[in-house]
Amino acid sequence: MMRITQRIAERNKDYYGKKPVTIVCLGDSVTHGCFDVFVNRFGQVDTVCDTPAGYPMLLQKALLRLFPFSAVNVINAGISGDGTTGALKRFDRDVAPFHPDLVTVNLGLNDCCAADPEASLANYMSNLRAIFRKIDELGAESMLVTPNMMCAYVDPALEAEPLKKVAEMVAGRQTGGVLTNFVDAAREIARESGAAVADAYADWQAMERSGVDTTALLANHINHPARDMHALFVHRILEQLL
């Protein structure tokens, strides 16, 4: 059992004598709570943000259901469009001030879509190691949350040309094994760093092997999982906590 789970249970029993427990979820648009995409009136690709439907808030609800007197705090430190470089730069602003008991890290979708995937992978690995080191320096526990799969083809539902171009590029990174390489590297770095692994990507891979059209499970038909698919992240995180 992770130390944070014991702290949550202790707080639930002795809420006068024990301090509140804090979890920070560091990530990209999926953590932020982004779902559908569209082309706005300026001709730019834009997204619908519904933070309460994202997994950080669902995790908080689940933990409060299990430990109703614990007053667990879950901080959403996801930023749409971010990768490990940005997450590392803002760590001291978005994570450290909360003195978290646990930091979850869900990054890779944007890193793997860089112009040079090979160089980006090396940078991704270096950044992840640095992020886990910074978490350790805070005295917090760490957990890698592996991402969802991205689209495997350009969905006909994407009618706007800018969205089609994005989907075509993203599908190439998914079917070409680029994202899988990033996830494999993240798993290894997590093991090296002593971080727990909430392996949601393994669930998406299992669904794909079983014949599920995983692209149909994406709210934006590109890389944002549908609202009900965020339950997979919560399940995997709770699996590690409990």
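**Notebook: sheet, hairpin and helix packing**

**Entry 1. The open sheet.** I looked first at the sheet and recorded five strands that form an open sheet in the order 4-1-5-6-7, with parallel pairing. I noted that strand 4 (73-78) and strand 7 (196-198) are the edge strands, each of which pairs on one side only. I then looked up the twist: on average, neighbouring strands of this sheet are turned by 20 degrees against each other, direction ignored. I remark here that the model is predicted.

**Entry 2. One pair within the sheet.** I examined strand 5 (residues 102-106) and strand 6 (residues 141-145), which pair in the parallel sense over four bridges. Which residue of strand 6 is the bridge partner of V105? I found that the partner is L144.

**Entry 3. The hairpin.** I turned to strand 2 (residues 34-39) and strand 3 (residues 45-49), which run antiparallel and are joined by four bridges. I recorded that V39 stands opposite V45 in strand 3. Strand 2 and strand 3 form a hairpin, and five residues lie between them. In the turn I noted G43, which has a positive phi of about 80 degrees.

**Entry 4. Helix 3 and helix 10.** I began with a reminder that two packed helices are described by the angle between their axes and the distance between the axes. For helix 3 (residues 55-66) and helix 10 (residues 230-241), I noted that the axes come within 9 Å and cross at roughly 50 degrees. Helix 3 and helix 10 are therefore oblique to each other. I recorded their crossing as right-handed. On the side of helix 3, the contact is made by Y55, L58, L59, A62, L63 and L66; on the side of helix 10, it is made by H230, F233, V234, I237, L238 and L241. I sorted the residues of this contact by class and obtained eleven nonpolar, one polar and no charged.

**Entry 5. Helix 9 and helix 10.** I next looked up helix 9 (residues 200-209), which packs with helix 10 at an angle of about 125 degrees, the axes being 9 Å apart. That angle makes helix 9 oblique to helix 10. The crossing of helix 9 and helix 10 is right-handed. I listed A200, A202, D203, W204 and M207 of helix 9 in the contact, together with L232, F233 and R236 of helix 10. By class, I recorded six nonpolar, no polar and two charged residues in the contact of helix 9 with helix 10.

Methods: Residues numbered from 1 in each chain as written. Predicted model: local features only at pLDDT ≥ 70, side-chain atom pairs only at ≥ 80, totals over all residues. Heavy atoms only, no water. Axes fitted to C-alpha atoms, helices over the stretch in contact; angles between N-to-C directions. Helix = DSSP H or I, 4+ residues; strand = E, 2+ residues; numbered from the N terminus. Parallel < 35°, antiparallel > 145°, perpendicular 65-115°, else oblique. Left-handed = near helix turned anticlockwise from the far one by under 90°. Contact = heavy atoms within 4.5 Å. Nonpolar A, V, L, I, M, F, W, Y, C, P; charged D, E, K, R; others polar. Pairing = 2+ DSSP bridges.
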